[in-house]
Amino acid sequence: MPQASELPVVAVIGGGFSGAAFALHLNTLSSGKVQIVIYEPRDRVGAGLAYSSNEAAHRINVPAGRMSADPADPESFLRYLATTDEDKKDAGLIGRDGLPYPRRAVFGDYVAAEIAPLLASGVVEHRKAEVVSVTQSEQGWRIEDSLGGQSEAHFLVLATSHPAPALPKQLLPFKGHPKLIADVTISDALDPVAQDDRVLILGNGLTAADVVATLERRGHKGVITSISRRGLRSRGHARITQEPFGDFSSHSSSRASDLLHAIRRAVREAEAQGLSWHAVLDAVRGQAFSIWRALPVKERRRIVRLARPFWDAHRFRIAPQVEDALDRAIAADRLTLRAARLAQVTSQENGFHVTLSPRGASGTEEHVFDAIVVTTGPAHQHILQSQPFLAGLADAGHLQACETGLGIACDLQSHALGKDGLPIGNLFIAGPLARGTFGELMGLPQVTEHAVFVAQQVANAVSTNGPIKASAVLHHAFEPHPRRFAV
């Protein structure tokens, strides 16, 4: 067995779920014949942005039985959950459907426990630092971190977090205002919101629903107005378990409008058989890779621009406990969901005077709010400017933004595409930032499948080439290998 110093080094930037799952599967697929180094500034690997929250109202949004770090072992998290005392500590663990929806931090604990043996053995090294810069070197990649460390890697995997939401231009003058919560992923971000504050939430998706549930748990009594372009609220899960319904990949649409018509037709057919739209959307999600591949870039952009709000509202369903919190707030007239946009914001004593432009109306509305919470989602279009090392790689020609605006450009083997459009053989994109190519990489089952897929690509490259010089693998042409990601 070669010593660690003799093994090919695979550096992973980002130690959230994507990075941890990739490392777990690469270790298995390479039979431990690689040294994996994970750069993650948090204290533990596996939780990342999504599963670091200690807020009790933040729950996984699918049942625990559908969450696992290993697609071949779907009950892995359920077994871990059974070893905890969450059933005693968490009174709201079980949803109205009788299934467990643990706090998100518990899933983070599970992933950390899965990778702990590899960290203890030294097969995986956790460098608790931020990456400052990455440059091409003779051996592959030279990585400098925030602690002054410098190291070399033969292969590089980018599994970085989503960029923070971008502030709307109307709110830029208020950046730093104590009652403008620009990023709710920061710990205790909602602390400045007082019990009786009138709150404006920008966005109506999963994060907005989490904000409403969190404020309720904290005893907030003030009115909440939540606005988005379409005014669509987050949807819950089907009342009964349903198998996916519909075939969208055998004869894939090449136009966004044709795809939309096919989905609507399938929903009508499903309803005629006593099923709900959930079954159809589950089929679309399961066939997303084939569907996405068949669409030209122009049509993908149309979907992102026009249909994405509808997809997000139906695809990303909230836990029953969070859905109940929304229903209670609406029934008590504490929450209003609006289709409107932000027209103007000025100061109003310690709060904000806000002008809203309602969708479909010719006039505007004037409101006063004590606090504003931004939940408009990650600013994916700014991903390459979100961290200095990404900007450096882009400036050097090693990265480019995805043409759909959803992340970083990569090929069908998840190799990053350089500015010349050619794949870079020892630079990979793992996780949601690759979804512009793969179509559906936001739900955990799909992220897990993609982590396995990228691990296989790296294992193949290591097996074929070993620790090779970057100049030998910078550009290769690859034949695409279609892959369908499981639901």
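**View 1. Phe107, a buried ring in a predicted model.** This close-up comes from a predicted model. Phe107 has a relative accessible area of 0%. The cut-off for buried is under 20%, so Phe107 counts as buried. Its position is in helix H4, and Tyr110 lies in that helix too. The two residues are 3 apart, about one turn of the helix.

**View 2. The ring pair of Phe107 and Tyr110.** A pair of aromatic rings is described by the distance of the centres and the angle of the planes. For Phe107 and Tyr110, the centres are 5.3 Å apart. Their planes meet at 45°, and the pair is tilted. Tyr110 is buried, with a relative accessibility of 0%.

**View 3. Tyr80 meets Tyr110.** The model holds 10 aromatic pairs. One of them joins Tyr80 and Tyr110, with 5.7 Å from centre to centre. The angle between the planes is 55°, which makes this pair tilted. The pair links distant parts of the chain, since its members are 30 residues apart. Tyr80 sits in helix H2 (residues 76-82). Tyr110 sits in helix H4 (residues 104-121). Is Tyr80 buried or exposed? Neither label fits: Tyr80 is partly exposed, because its relative accessible area is 22% and buried means under 20%.

**View 4. The aromatic cluster.** Which residues do the ring pairs link into a cluster? They are Phe17, Tyr51, Phe77, Tyr80, Phe107 and Tyr110. Two of the rings here, Phe107 and Tyr110, share helix H4. Tyr80 brings in helix H2 through its pair with Tyr110.

**View 5. An open sheet of 3 strands.** This view turns to strands. The order in the sheet is E4-E5-E6, and the pairing is antiparallel. Strand E4 (131-136) is an edge strand. So is strand E6 (150-153). Each of these edge strands pairs on one side only. From one strand to the next, the twist averages 25°.

**View 6. Strands E4 and E5 side by side.** Strand E5 covers residues 141-145. E4 and E5 pair in the antiparallel sense. How many bridges does their pairing span? There are 5 bridges. Val131 has a bridge partner in E5, namely Asp145.

**View 7. Helix H11 on the sheet.** Helix H11 takes in residues 388-395. Helix H11 lies across E4 and E5. The helix runs at about 20° to E4.

Note on methods: Residues are numbered from 1 along each chain as its sequence is written. This is a predicted model: local features need pLDDT of at least 70, side-chain atom pairs count only at pLDDT 80 or more; totals for chains, interfaces and linings use all residues. Side-chain values use heavy atoms; hydrogens and water are left out. Rings of Phe, Tyr and Trp (its six-membered ring) pair if their centres lie within 6.5 Å; planes under 30 degrees apart count as stacked, over 60 as edge-to-face and the rest as tilted. Helices (H or I, at least four residues) and strands (E, at least two) are DSSP runs, numbered from the N terminus. Buried means under 20% relative accessible area, exposed over 50%, partly exposed in between (1.4 Å probe, protein chains only). Two strands pair if DSSP finds at least two bridges between them. Axes are lines fitted to C-alpha atoms, for helices over the stretch in contact, and angles run from 0 to 180 degrees between N-to-C directions. Contact means heavy atoms within 4.5 Å.
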